[in-house]
Amino acid sequence: MGDSEVNINRQYDVLCIGLINMNMPVRPVDKGVFDRDVTMVDAIDIMPGGDAMNEAITLSRLGNRVGLVGKIGEDIFGQILLEMTSRAGVDTKYICKDKNAGTSVCVMLVNQDGSRNFASHRGANCEFSLEDIDLSILKQTKIVNIGSIYALKKLDGEGVETILLEARKNGVITCADMMCDTYGKGFDAIKGALGKLDYFIPSYDEAAAVTGETRVEKIAEKLLDIGIKNVIIKLGAKGCFVSNDKQSFYEAPYEAEVVDTTGAGDNFVAGFLTGLNMNWELSRCIELANAVGSLAVGKVGSNGAVHSMDQVMEFMKNTRKININRSI
């Protein structure tokens, strides 16, 4: 039986494992918010968030079969998130509930220019561990994505490495993004897991912090040296940099009107994984990733802008790429 036949028989195209949050964007908020007793804002919303959840929702909207694995609390926030995610077409049956920890909540203070700061209560995400995951589900997916390394206190390190090893045993493509080292675990704690990745997709700041390098090319080189097959560094408004043992290249971003940058990186990942699932060439996957990420910043919240693959393809057809001066 060939690989394509095996993947047709699998339940999921992508299995997302990791952060699940209730996001509460507050906008607009300026730096004087703590100098006033009351700040009047245009909107306070509730919406799904967290790296794994954001990626799962956008992946589903782009036409992928998606499962989500993570932990929520037995509370109203968790109940609302399950309903929202199910409506987006994501399979939530492997999301577990914690009786003692509340659902993770993140209040997002969004500035006029779309930049944001977070006040985050980790809650159930901090309790999510390998014991909460039925590893047999890895036999049912083509791709597994960890969202995100360094964000999962009880899963980081050996837990993530175990997941990736089991995935590789079952012929699953392994991917992950990351956050900054929230709990001070250090590079050595995640090296083993990183070395089991086919695709690693950090932001520049995250990758620079973990490697101690500042030049994009040197960052990628250091990450490739520990066994990662493909390194994709997100550069925000400057697009991204891609490197493996055969090629290295920059990809320019698309023009975009920035309303809120929350979740842009997660949407980038979802776009990339969509191309990967369709067996596209690497450069075309990256182009799609940039398009989805650029679309995502056009609305408030992490998953409100991208609705379908047709929408993304139309955006790519009608939107210019930005000419970036890489010599600066």
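**Exercise 1.** Start with Arg-168: classify its exposure from a relative accessible area of 31%, then find its salt-bridge partner.

*Solution.* Arg-168 is partly exposed, because its relative accessible area is 31%; buried means under 20%, exposed over 50%, and partly exposed in between (1.4 Å probe, protein chains only). Next, its partner is Asp-198, with the closest N and O atoms 3.2 Å apart. A salt bridge here is a side-chain nitrogen of Lys or Arg within 4 Å of a carboxyl oxygen of Asp or Glu. Asp-198 counts as buried, at 11% relative accessibility.

A word on the model: it is predicted, so local features need pLDDT of at least 70 and side-chain atom pairs count only at pLDDT 80 or more, while totals for chains, interfaces and linings use all residues. Residues are numbered from 1 along each chain as its sequence is written, and side-chain values use heavy atoms, leaving out hydrogens and water.

**Exercise 2.** Find the salt-bridge partner of Asp-132 and describe the exposure of both residues.

*Solution.* Asp-132 pairs with Lys-71, the closest N and O atoms being 3.1 Å apart. Asp-132 counts as partly exposed at 23% relative accessibility, whereas Lys-71 counts as buried at 7%. Finally, salt bridges that share partners join Lys-71, Asp-98 and Asp-132 into one network.

**Exercise 3.** Identify which residue of strand 14 stands opposite Val-242, and say which face holds that residue.

*Solution.* Phe-249 stands opposite Val-242. Strands are DSSP runs (E, at least two residues), numbered from the N terminus. Phe-249 shares the covered face of strand 14 with Glu-251, while Ser-248 and Tyr-250 make up the uncovered face.

Note on methods. Helix = DSSP H or I, 4+ residues; strand = E, 2+ residues; numbered from the N terminus. Pairing = 2+ DSSP bridges.
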